[in-house]
Amino acid sequence: MRLKDKVALITGASSGIGAGVAARFAAEGAYVALNFRPGSAPDREAAERAVAGFTTRAVAVEGDVSDRAQVEAMVDRVVRELGRLDVCVCNAGIEVRRDFLDTTDEEWHRVLGVNLFGAFAVSQAAARVMVRQGGGGRLLFMSSVHEDIPFPGYTSYCASKGAVRMLMRNLAMELAPHRITVNNIAPGAIATPINRAVLEDPVAYANAVSEIPLGRFGTPEDVAAVATFLASDEAGYVTGSTYYVDGGLTQQVTLY
Ligand code: NAI
């Protein structure tokens, strides 16, 4: 019970890594708010189903992280219903595969709107609550190995994640006086819906696995284990860092 009685908000928690982090946090004793995006019945149902299955108090909270008003309403609701906010995991993210020369303004703004503005708005709203409460807090961003490694065909995604790296490092400085720690988790290839195309194509899957030194895709549980550590009291002296959860992928790419 490493997160006993802590209140945690996780964005994009109806699937994949966010759902895995929410489940692990609840199992560790946290009260969890699972954010899901509006306009998707399956996302709403998944978040509500997860909440119903937890033994600790939990709520499913709707909200588009790329919309300031919805972010403020979501954070207000979490504090109203769960009493406070100790941990915020900015996890919601999207990607668009498009060559740089063909990328449209709409695609660029859509990806940066969720991945970067969403991370900014959610972490800012959460940090304001934590500062008001006193007693510190934990901000985690789900960045990517692509905060560092280029990925042809995904320029908007890489730009957003690279920017989240600097967002995190700056916040670590600015929020340290408030004892709010700020860290990134950089997953490699994790078996989640965002990678559906690769997971469903045996050749692409074999190629992807061949590049991972540990020889397998990661799981949401692999990521949740690191998130649990970073959210816990044990990580009180850890701030401004990126934790790679990538089966060695980053090192492999660096070799060549
Ligand atoms: P996923 O597609 O299952 O999860 C993304 C979640 O974000 C979904 O639940 C989606 O509904 C939600 N979302 C999208 N737009 C939103 C919005 N405007 N407002 C609120 N929620 C929104 O994929 P996965 O893998 O779980 O992704 C989670 C995070 O991990 C993302 O930030 C992604 O970039 C990052 N990541 C994932 C990797 C992987 O291999 N799966 C690798 C590196 C990073």
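# A tour from helix α3 to the ligand

Select α3 to begin: this helix has 15 residues and reaches 21 Å from its first C-alpha to its last, close to the 21 Å expected at 1.5 Å a residue. The coordinates come from a predicted model.

**Helix α3**

Keep α3 on screen and show the side chains of V71, M74, V75, V78 and L82, which are buried. They cover an arc of only 95 degrees around the axis, and therefore lie on the same side of α3. An α-helix has 3.6 residues a turn, so residues three or four places apart point the same way. Turn to the other side of α3 to find A69 and R80, which are exposed.

Next, add what covers the buried residues of α3; this includes β1, β2 (31-36), β3 and α4.

Both ends of the helix have something to look at. At the N-terminal end, select D67, which caps α3 with a side-chain oxygen 3.0 Å from the backbone nitrogen of A69. Just after α3 comes G83, with a positive phi of about 95 degrees.

**L85 and the largest core**

Move on to L85, in the loop between α3 and β4. Is L85 buried or exposed? L85 counts as buried, because its relative accessibility is 0% and the cut-off for buried is under 20%. Show its contacts, leaving aside neighbours within four places in sequence: V7, A8, L9, V75, V78, V79, A126, V129, M130 and Q133. For a longer jump along the chain, pick I10, which is 75 residues from L85 in sequence but 11 Å from it in space, C-alpha to C-alpha.

L85 also leads into the largest nonpolar core, which has 34 residues; L9, L85, L139, F141 and V182 touch the most other members. To see where this core comes from, colour the elements that give two or more residues to it: β1 (7-10), β3 (58-62), α3 (68-82), β4 (87-90), α4 (105-133), β5 (137-142), α5 (155-175) and β6 (180-187). Which element gives the most to this core? That element is α4, with nine residues. In soluble globular proteins, nonpolar side chains tend to be buried together.

Centre the view on F141. Not counting residues up to four places away in sequence, F141 touches C90, A119, S123, V164, L167, M168, L171, V182, N183, N184 and I185. A second, separate core has 33 residues, among them A60, I185, V223 and A235.

**Helix α2**

Now select α2, a helix of 13 residues that reaches 18 Å from its first C-alpha to its last, close to the 18 Å expected at 1.5 Å a residue. Its buried residues are D43, A46, A47 and V51. They cover an arc of only 130 degrees around the axis, so they are on the same side of α2. These buried residues pack against β2 and β3. On the other side of α2, display P42, R49, A52 and G53, which are exposed.

At the start of α2, zoom in on S40: one of its side-chain oxygens comes to within 3.1 Å of the backbone nitrogen of D43.

**D43 and the ligand**

Stay with D43, which belongs to helix α2 (residues 41-53). D43 counts as buried because its relative accessibility is 16%, and the cut-off is under 20%. Not counting residues up to four places away in sequence, D43 touches S14, F36 and R37. With S14 there is a polar contact between the two side chains, at 3.5 Å.

D43 brings the tour to the ligand. Select the 29 residues around the ligand; D43, N91, Y157, T192 and N195 come nearest. Then pick out three polar side chains:

- S15 has an N or O atom in its side chain 2.7 Å from an oxygen atom of the ligand.
- D64 places a polar side-chain atom 2.8 Å from a nitrogen atom of the ligand.
- K161 has a polar side-chain atom 3.0 Å from an oxygen atom of the ligand.

**Two backbone stops**

Finish with two residues that have a positive phi although neither is a glycine. D5, in the segment before β1, has a phi of about 65 degrees. D5 counts as partly exposed because its relative accessibility is 42%. R179 sits in the loop between α5 and β6, with a phi of about 60 degrees. Here the relative accessibility is 57%, so R179 counts as exposed.

Notes:
Residues numbered from 1 in each chain as written. Predicted model: local features only at pLDDT ≥ 70, side-chain atom pairs only at ≥ 80, totals over all residues. Heavy atoms only, no water. Core = buried A, V, L, I, M, F, W, Y, C linked by side-chain atoms within 4.5 Å. Buried < 20%, exposed > 50% of the residue type's maximum accessible area, 1.4 Å probe, protein only. Helix = DSSP H or I, 4+ residues; strand = E, 2+ residues; numbered from the N terminus. Contact = heavy atoms within 4.5 Å. Expected span 1.5 Å × (residues − 1). Arc of directions from axis to C-beta. Polar contact = N/O pair within 3.5 Å; in protein donor to acceptor, adjacent residues only side chain to side chain. Near = heavy atom within 4 Å.
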